[in-house]
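Q: Please give me a close look at one part of this structure, side chain by side chain. Start with charge pairing, then follow it to whatever lies around it.

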Amino acid sequence: MSQYLDAEFEHRFDGGAHIQASFKMRSDRFSIGVLFGPSGAGKSTVLRCIAGLNRPQQGHIQFAGEPWFDAKQGIHLSPQKRDIGYCFQQGALFPHLNVANNIGYAIGYPKKDSKATLSEMLERFELTGLEKRFPHELSGGQQQRTALARALARRPRLMLLDEPLAALDSNLRIALRGRLREWLRQFDIPVLLVTHDRTDAIALADKIMVLTPEGIEQSGTIDEVFSKPRNAAVAQMVGTETILRGTVIQSQQGITTVRIGATEIQAGTAENFAKGQSVYACIQGENVTLLHHPVPTPSSRNQFAVKVTAVIPEGPLLRIRLDGGFELTALITKAAAEGLTIQAGQSLTAMIKATAIHLVAT
Ligand SMILES: Nc1ncnc2c1ncn2[C@@H]1O[C@H](COP(=O)(O)OP(=O)(O)OP(=O)(O)O)[C@@H](O)[C@H]1O
């Protein structure tokens, strides 16, 4: 028997939007697959197609070998038959039912064991004591926990979450993000989660699938996708701070030299690139080290003279924009910046290891 959720389909809206997706994830154990992409890429539509709420025009969706949708064979199972839990962005609780009845509705009163299931869910989601409250009497976090409890109470085979943290303010979001994975893990089912937020994706994904209007551009672990984006579109989406266009001068023994404007940089590469080939050099801000002066260094480290053009605070970090004949961004901690007393107009040396420069063929 197949142990995968296997989806490959296309959905066209009358208005013209065309959404395509092709991916596989394990169906028989807990893991979180994150559909990540910009607004309008089609993330919610993909989720709705998996749920059976939208019917694609082409392709198939199978869960553990069971056909949920097959365009050629005319198969389209109803959402109930797919046996999934679905949690929307806003939670979408029944406003006229209290917490106990919102969850109880999903369990299907009056089942023999429904009382035990209800108290188990209340306990797991830290809702004990709030049973009689109505949705408008709950905080955002409590509403979201009730929605999760309701979606999971029926013990679905697959859990779908659409931007589960988006409606929460930032403190609550951070707190819930940390707990969400643990809550979901207890149910030992696969989870497909939609987000456009990079931090949510990093914190939650076992596997990330980057969705654009052209389909899933790249999938893999966070490390694979964030440190080795397959193309410039993915690099931009995953937040690689610097993407520079250049030309390969030479490529041998795992080191590729690339000309960017008047500067030559060395990048560590698994494969060789052709001389003259056009590439993007992708550099994450945390991999750029700033120094007052150049230091003696092996050729596997790049050093450039740069001028600080802007210093932008971002929480515990500073985003430092640099001009080295091309635009470069460094992300450093505030403590590190104090040691360097960084300010706009200052001349510094930027150092980047060759292995921290990822080349993408254009
Ligand atoms: N019912 C509909 N009728 C026509 N077009 C639609 C419909 N629903 C969505 N679309 C279009 O399909 C595209 C994908 O929408 P979708 O909501 O799936 O994107 P998304 O990636 O989830 O975006 P967001 O992050 O903003 O929620 C958009 O261009 C949207 O306008």
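A: Arg 12 counts as partly exposed, because its relative accessibility is 45%. The model is a predicted one. Arg 12 forms a salt bridge with Glu 10, and their closest N and O atoms lie 3.7 Å apart. Glu 10 is also partly exposed, at 22% relative accessible area. That value is over the 20% under which a residue would count as buried, so Glu 10 falls in the class in between. A search of the whole structure finds 12 salt bridges.

Next comes Glu 126. Its side chain meets that of Arg 179 in a salt bridge, N to O at 2.6 Å. This pair links distant parts of the chain, 53 residues apart. Glu 126 sits in the loop between helix H4 (114-124) and helix H5 (140-153), while Arg 179 lies in helix H6 (170-185). Glu 126 has a relative accessibility of 37%, so it counts as partly exposed. Arg 179 has a relative accessible area of 37% and is partly exposed too. Glu 126 has a further feature in its backbone. Its phi is positive, about 55°, although it is not a glycine. Most residues other than glycine have a negative phi. Ala 64 also has a positive phi, near 50°. Ala 64 is in the loop between strand S4 (58-63) and strand S5 (66-70). At 17% relative accessibility, Ala 64 counts as buried.

Back to helix H6. Arg 177 of this helix pairs with Asp 200 of helix H7 (198-204), 23 residues away in sequence. Their side chains form a salt bridge at 2.7 Å, N to O. Arg 177 has a relative accessibility of 14% and counts as buried. Asp 200 is buried as well, at 2%. Both values are under the 20% cut-off, so this salt bridge has a buried residue at each end. The pair is part of a network of salt bridges that links Arg 173, Arg 177, Asp 197 and Asp 200.

Helix H7 leads on to the domain interface. The domain assignment gives domain 1 as 4-231 and domain 2 as 240-361. Their centres, taken over C-alpha atoms, are 38 Å apart. Seven residues of domain 1 contact six residues of domain 2. About 470 Å² is buried between the domains, with carbon and sulfur atoms giving 46% of it. On the domain 1 side, Arg 198, Phe 226 and Pro 229 lose the most area. Together these three give 61% of what that side buries.

What about polar links across the interface? The rule finds zero salt bridges there. It does find two residue pairs in polar contact, both at pLDDT 80 or more. The side of domain 1 that touches domain 2 is made of two nonpolar, two polar and three charged residues.

Gln 284 gives a view from the other side. It is in the loop between strand S15 (278-283) and strand S16 (289-291). Beyond its neighbours within four places in sequence, Gln 284 contacts Arg 198, Phe 226, Thr 240 and Glu 241. Arg 198 and Phe 226 are two of the three residues that lose the most area in domain 1. The side chain of Gln 284 also reaches the backbone oxygen of Phe 226, at 3.3 Å. Gln 284 counts as buried because its relative accessibility is 14%. Val 194 is 90 residues from Gln 284 in sequence, and their C-alpha atoms are 24 Å apart.

One more side chain deserves a look, that of Asn 302. It belongs to strand S17 (301-314). Asn 302 is buried, since its relative accessibility is 4%. Its side chain reaches the backbone nitrogen of Gln 266 at 2.7 Å. Gln 266 is one of its contacts beyond four places in sequence, and others include Ile 265, Ala 350, Met 351, Ile 352 and Ile 357. Lys 353 and Ala 354 are among these contacts too.

To sum up the charge pairing: Arg 12 with Glu 10 joins two partly exposed residues, and so does Glu 126 with Arg 179. Arg 177 with Asp 200 is a buried pair. The interface of the two domains has zero salt bridges and two polar pairs.

How values were computed: Residues numbered from 1 in each chain as written. Predicted model: local features only at pLDDT ≥ 70, side-chain atom pairs only at ≥ 80, totals over all residues. Heavy atoms only, no water. Domains from an automatic or database assignment. Contact = heavy atoms within 4.5 Å. Buried area = accessible area lost by both parts, 1.4 Å probe. Salt bridge = Lys/Arg side-chain N within 4 Å of Asp/Glu carboxyl O. Polar contact = N/O pair within 3.5 Å; in protein donor to acceptor, adjacent residues only side chain to side chain. Nonpolar A, V, L, I, M, F, W, Y, C, P; charged D, E, K, R; others polar. Helix = DSSP H or I, 4+ residues; strand = E, 2+ residues; numbered from the N terminus. Buried < 20%, exposed > 50% of the residue type's maximum accessible area, 1.4 Å probe, protein only.
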